[in-house]
Amino acid sequence: MTERTVELEVLRYDPDKDDAPGFQTYTVPYREDWVVLDAINYVKDELDRTLSYRWSCHMAVCGSCGMMINGEPSLSCHTFLRDCPEKIRIEPLQNFPVERDLVVVMDDFIDKLGSVKPYIVAKEERSVDDGEYLQTPAQLAKFKQYTACINCLLCYSACPQYALNDDFVGPAALALAHRYNLDSRDVGRSAREDVVASNPGIWECSFVGACSEVCPKSVDPAAAIQQTKIASAGDYFMKFLMPWKRK
Amino acid sequence: MSRRPYIREVSKTGWWLKQPRYIRYMARELTSLFIGIYVLILIAGLHRLSQGQAEYEMFLASAKGPVGLVFAIVALAFAIYHSYTWFEVTPKAMPLMLGKKHLPGAIIVAAHWLGFFVASTLLWLIVGSPV
């Protein structure tokens, strides 16, 4: 009996040799319990050690192994071979420059993430001796889903607005800004506003909703952005209604 | 080893044909075009009304003609689809918390449909049958 196999069509790009990326096909064994990342690891270990890609945890926590699997932004450690057709097309995440093979340049995202101050901006400095910042379960529940973001970039890869406009701050960074804005321990909302409430910020989003559909952690960045739009529009009108109440 | 990142160009006009979810998005956006045209026709009707009874009767006759009727039916279908897509996403934009828990999205969507039917019924009762 011949062993069942799957075909991986992998987009390869070697900046030293290639002018443009091209597909290379590998035939790997099929295993019921394998995810696409296992198949790629098989290629690396047994067939072609020149293949470059990122991965680390193999359990949808580190956010490193995002790639296009049959045209869909996916975590390769989270996509089972048994759920794929016999030919699997694997490309680097779209909307990002290709560094080499399946590795993308993510500098743009890292810069944008930093620009929204994705950390608690506290009202006053506290020392370790002062103890923890206390929070009730209800206060935590307000933003908890947005803390699940693993920066895997699937949302940027799915977002047509980011594809068409590099300036767009993008789903994950805006969702994380919203996460800290909702945090009862944080007072950084006005400090984030220059980036978040700008045109390339939330207003570039036209609510396609693709980011939320591909998010492997159910963060729902589209929801975060729409909620920020409502809050920001509220700020705008409050400026006219209560001009004395400046931030 | 050198760095020479390769940029894959995105089609400015054809990008939305690549994914069913992008096509669904474009369909949702397209519905507003029909609603916009319907509003323009209403404004034209008001203009005819200001010109006198004969002109207004002519406007009404053309609105009830085959082209006018077909457009009205198509616009109504698109308007319903438009409302459906927006009501579906309201729980994302306006989540409500009761104590420690988020109110289920289905309740928020249902409340919007209820509000829509109540408002439509009230309008119907006040303005009466338009025909």
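Start with α1 of chain A: select A:D45 and A:E46, two exposed residues on the face turned away from the helix's buried side. Exposed means 12 or fewer other C-beta atoms within 10 Å of the residue's own, buried means 20 or more, with C-beta atoms placed from the backbone. This is a predicted model, where local features need pLDDT of at least 70, side-chain atom pairs need 80 or more, and totals for chains, interfaces and linings use all residues. Residues are numbered from 1 along each chain as its sequence is written, while chains are lettered from A and ligands numbered from 1 in the order written.

Now select A:V36, A:A39, A:I40 and A:V43, which are buried. They sit on the same side of α1(A) because they cover an arc of only 100 degrees around the axis, taken from the directions from the helix axis to the C-beta atoms. Add β1 (5-12), β2 (22-29), β3 (66-69) and β5 (87-91) of chain A, which are among what covers these residues. Helices (H or I, at least four residues) and strands (E, at least two) are DSSP runs, numbered from the N terminus.

Next, colour chain A by domain: domain 1 is 5-104 and domain 2 is 107-241, bounds from an automatic or database domain assignment. Their C-alpha centres lie 30 Å apart. Here 13 residues of domain 1 contact twelve of domain 2; contact means C-beta atoms, placed from the backbone, within 7 Å. Select β4 (residues 72-75) of chain A, which gives the most to domain 1's side, with four residues.

Last, show chain B. Its 22 contacting residues meet 28 of chain A. Select α1 (20-51) and α3 (66-93) of chain B: each supplies at least two residues of that side.

How values were computed. Contact = placed C-beta atoms within 7 Å.
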